[in-house]
Amino acid sequence: MAQMEDSLKAALYRITCPDSATLGNYHLGLLGETAVQPIANHLAVCPLCTREIEQLEVFLLETAVSLQPSTGERIRVWIAKRLPSGGQTRQGLGPAVGTPAFALRGSSSGPLMYEAGDAQLSLEVQDDPEQPGRKVILGLVLGIATEAVEAKLLQGDGVVTAVTLDEIGNFTFTGLETGTYELTLSGADVEIHVQDLLI
Amino acid sequence: MSTHDEVGLLSLQSLCDRCHRESERFFAQKEHDPRFCYELFRRAFVHSNELAWHCLYERYHKLVLSWVMRHALYPGLGEEADYFMNRAFEKVWQGIPAENFAKFPDLKSLLRYLQMCTHAVMVDFARWKEQAHLWDRTAETEDGVAEYDPFAALASNSLPPERELARREMQELLWQKLQALSQSAKEDAAIFGYFVLNLKPREIHDLYPGQFEDVRDVSRTKDNFLARVRRNDEFRQFVDDA
Ligand SMILES: [Zn+2]
């Protein structure tokens, strides 16, 4: 008889208990309406599942502390929009043609102009005079505080290069291979993205 | 365009990078912006984006590991924390179909779900361990003097995986047959307590106040029930067929 009892226990242990994820979903209120009542009925008669729910409750409480603190939108994210070639920006950079800062850089095709939230961005792509076949990007950002803003060039899964903006918003990348990049400008509370930048 | 929409337009690489930076702030208990990691979760679940999943794993595996080690069950389970951490991620990936993502309005709710899954895999393991212990006990008694035990095959843990489902179905059928042979609420309580919950007679007695005269009445009820089961031709037929 004892052997048969042991076999029955091994065959039937927790046979009517919902699996632990279902119990968890029940506790988090994620189950559909029809699924809730059978679990509630089972909990009324099963001290083991009741204990597992209590353990989950304690566990969630103990680990919940580490989810704090968070703020809703600490950072403003702007995706830069390309302005038509030679077009007008809202302010700051003025007409692309005749802007002295870029004129000095000697670009033949004129800079790429972007608008991103409150910021205006100009990118000028030139041949790298020191590395034949490579390119240089000369950038300028206006309209945001440029203190401690990092400019980063990404390609594929990785960061190609990163520099810090100078006090008036200039930055330069040199020795770049031709290709498609993403440029990000990250400050303390703002992040600007220039996507699909073809050089 | 709202800021939220802009986050939705970020490249995966930028999102992953920013989620990482915000996570660093979060681990340092500084104010952090949860939208980037939330957007990664959204792309992982709604768009089944493998790279988003990979990034989330990179961001959160240490956190999950710390949760595992803080769980009350962990010291008694005898398994590496990494094992539970990986199972927890698997459970999360399997647990949120795209159409259910709307049930998670923010990062906090997703991390709470990750916590729940961490707990669930540890509880599953504890249940499995307990059942393995019962299997072992069955094997030990089988090595001794053989006695009539029609349930041995259903209690074995040596079945190949392809027969696991069939066995589970047979176990459920066995439970239904046993319940059908019960003749009272008292017998219901005794067999549920003994065989499903693996409780001791005293615990069963306490679980059902007023149901049993005393603790010995629990064992007596169970013994009478089993004696009747053994005499039942239909039940014997079922077991022989199984
Ligand atoms: Zn249960």
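Where in chain A does A:G133 lie? Select this residue in the predicted model: A:G133 sits in the loop that runs between strand 4 (119-127) and strand 5 (135-142) of chain A. Colour it by accessibility, and A:G133 proves to be exposed, its relative accessible area being 68%.

**From the loop to the metal site**

Next, select A:C49 together with A:G133. The two residues are separated by 84 residues in sequence and by 68 Å in space, C-alpha to C-alpha. Keep A:C49 selected and add the zinc ion, for which A:C49 is one of the protein donors.

Which protein atoms are the donors of the zinc ion? Show the side chains of A:C17 (SG), A:H42 (NE2), A:C46 (SG) and A:C49 (SG), which lie 2.0 to 2.3 Å from the ion. The angles among the four donor atoms are 106 to 116°, and the site is tetrahedral. For comparison, the ideal angle for four tetrahedral donors is 109.5 degrees. Along the chain, the donors follow the spacing C-x24-H-x3-C-x2-C.

Now select A:C17 and A:C49 as a pair. A:C17 is in the loop between helix 1 (2-12) and helix 2 (20-27) of chain A, whereas A:C49 belongs to helix 4 (residues 47-64) of chain A, so the pair ties together parts that are 32 residues apart in sequence. Are these two residues buried or exposed? Both A:C17 and A:C49 are buried.

**Chain A as a whole**

Display the whole of chain A as a cartoon. Five helices and ten strands can be found in it. Of the 199 residues in chain A, 49% are buried. Among contacts in this chain between residues at least 6 apart in sequence, 53% join residues at least 24 apart.

**The interface with chain B**

Select chain B as well. Here 79 residues of chain B are in contact with 68 residues of chain A. The area buried between the two chains is about 6,800 Å², and carbon and sulfur atoms give 59% of that area.

Zoom in on B:K222 and A:E5, whose side chains meet in a salt bridge (2.8 Å, N to O). Four salt bridges are found across the interface of chain B and chain A. The count of residue pairs in polar contact between these chains is 22.

Which helix of chain B gives the largest share of the side that touches chain A? Select helix 7 of chain B: 20 residues of that side come from this helix. Helix 7 spans 107-143. Several other helices of chain B each supply at least two residues, among them helix 4 (50-70) and helix 11 (215-231).

Conventions:
Residues numbered from 1 in each chain as written. Chains lettered and ligands numbered in written order. Predicted model: local features only at pLDDT ≥ 70, side-chain atom pairs only at ≥ 80, totals over all residues. Heavy atoms only, no water. Donors = N, O, S within 2.8 Å, 3.2 Å for Na, K, Ca; no water. Tetrahedral: all angles 85-135°; square planar, octahedral: opposite > 155°, others 65-115°. Helix = DSSP H or I, 4+ residues; strand = E, 2+ residues; numbered from the N terminus. Buried < 20%, exposed > 50% of the residue type's maximum accessible area, 1.4 Å probe, protein only. Contact = heavy atoms within 4.5 Å. Buried area = accessible area lost by both parts, 1.4 Å probe. Polar contact = N/O pair within 3.5 Å; in protein donor to acceptor, adjacent residues only side chain to side chain.
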